[in-house]
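Thanks for coming. I will take a few minutes to walk through one chain, starting with the whole and ending with single residues. Please look at the model while I talk.

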Amino acid sequence: MTEYLACRCVKALDTLELQAALPALGVPSHFSLMWDGVNLGATSFARHESLEVVAISFVNQTGQLHARLLAAPSSGLDRSGQAIAELIKNTLQVHEAGINTEVCKSRLASLGGDGAVTRGGPKAKHSSTSAAEKLWTLLGRTDQPSIHWDPYHRDEAARRHASAEVPMVAELLDLAAVMSQLLLDCLYNYDLCLSELLTFIP
């Protein structure tokens, strides 16, 4: 009960900030949305649950740019771009701040995510659900979409492809992965790991 009430309190405070008028302007801040799919399991198709973690960025009354966790709805089994776009739209509408289509028409500045969320520019070579582009249309926006593929994932993709071209780097990354797995095995199977280490001690 305590956790539930705390979550409701945080949502109420976020709603107050989102709906507050900015000084001198007399209107609430524009905002941007970003989301990413998270699997609660060890594989891409987890048996447990898959969530769409949605964040919102806006300017508060003191002029500071704030980022808040808005929601984390379950995406279920349908991971198509259209299904994700509709899920995010419904999530916005049922939020305490009432971020409906009319609000998004006047205040939504941009959408963002990784390559699975947005297809990127005309030279993009990755496969994507294009959920961000579909959501922009679902929200009734007819202007040029302001959608961004976040730099973190672009850099990560560039490093991954570059490292694959250098055998030594690829081998070092493979070694690091094995060492990380050994560390996890030791953390979760301490007794077994200790017995294995003792076999190397004369």
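A residue counts as buried here when its relative accessible area is under 20%. By that cut-off, buried residues make up 30% of the 202 residues in the chain. Keep in mind that this is a predicted model.

Now the layout. The chain has seven helices and five strands. Going along the sequence, the pattern reads α-β-β-β-α-α-β-α-β-α-α-α. How much of the contact is between residues at least 24 apart? If we take contacts between residues at least 6 apart in sequence, 53% of them join residues at least 24 apart.

Next, the sheet. It is an open sheet of five strands, in the order 3-2-1-4-5, and the pairing is mixed. Strand 3, residues 65-71, and strand 5, residues 147-149, are at the edges. Each of these two has a single partner strand, so one side of each has no neighbour in the sheet. On average, neighbouring strands are turned by 25 degrees against each other, direction ignored.

Look at one of the edges. Strand 5 pairs with strand 4, residues 108-113, in the parallel sense, over three bridges. In this region G112 stands opposite H148 of strand 5.

Two helices deserve a closer look, and both touch the sheet. Helix 2 packs on it, touching strand 1 (31-39), strand 2 (50-59) and strand 3. The direction of helix 2 makes about 55 degrees with that of strand 2. Helix 4 lies across strand 1, strand 4 and strand 5, and it runs at about 155 degrees to strand 4.

How do we describe two helices that pack together? We give the angle between their axes and the distance between the axes. For helix 2, residues 81-94, and helix 4, residues 131-138, the axes come within 8 Å and cross at roughly 50 degrees. That angle makes helix 2 oblique to helix 4. The crossing of helix 2 past helix 4 is right-handed.

Which residues meet there? From helix 2 we have G81, Q82, I84, A85, E86, I88 and K89, and from helix 4 we have A131, K134, L135 and L138. Sorted by type, the residues of this contact are six nonpolar, two polar and three charged.

It helps to recall that an α-helix has 3.6 residues a turn, so residues three or four places apart point the same way.

Stay with helix 4. Its buried residues are A131, A132, E133, L135 and W136. What covers them? The cover includes strand 1, helix 2, strand 4 and strand 5.

Last, some backbone angles. Just after helix 4 comes G140, with a positive phi near 80 degrees. Two residues that are not glycine also have positive phi. A24 has a phi of about 75 degrees, and S130 has one near 55 degrees.

Where do these two sit? A24 is in the loop between helix 1 (2-19) and strand 1, while S130 is in the loop between strand 4 and helix 4. Are they buried or exposed? A24 has a relative accessible area of 89%, so A24 is exposed. S130 has 10% relative accessibility, which means that S130 counts as buried.

That is the tour. I will take questions now.

How values were computed. Residues numbered from 1 in each chain as written. Predicted model: local features only at pLDDT ≥ 70, side-chain atom pairs only at ≥ 80, totals over all residues. Heavy atoms only, no water. Axes fitted to C-alpha atoms, helices over the stretch in contact; angles between N-to-C directions. Helix = DSSP H or I, 4+ residues; strand = E, 2+ residues; numbered from the N terminus. Parallel < 35°, antiparallel > 145°, perpendicular 65-115°, else oblique. Left-handed = near helix turned anticlockwise from the far one by under 90°. Contact = heavy atoms within 4.5 Å. Nonpolar A, V, L, I, M, F, W, Y, C, P; charged D, E, K, R; others polar. Pairing = 2+ DSSP bridges. Buried < 20%, exposed > 50% of the residue type's maximum accessible area, 1.4 Å probe, protein only.
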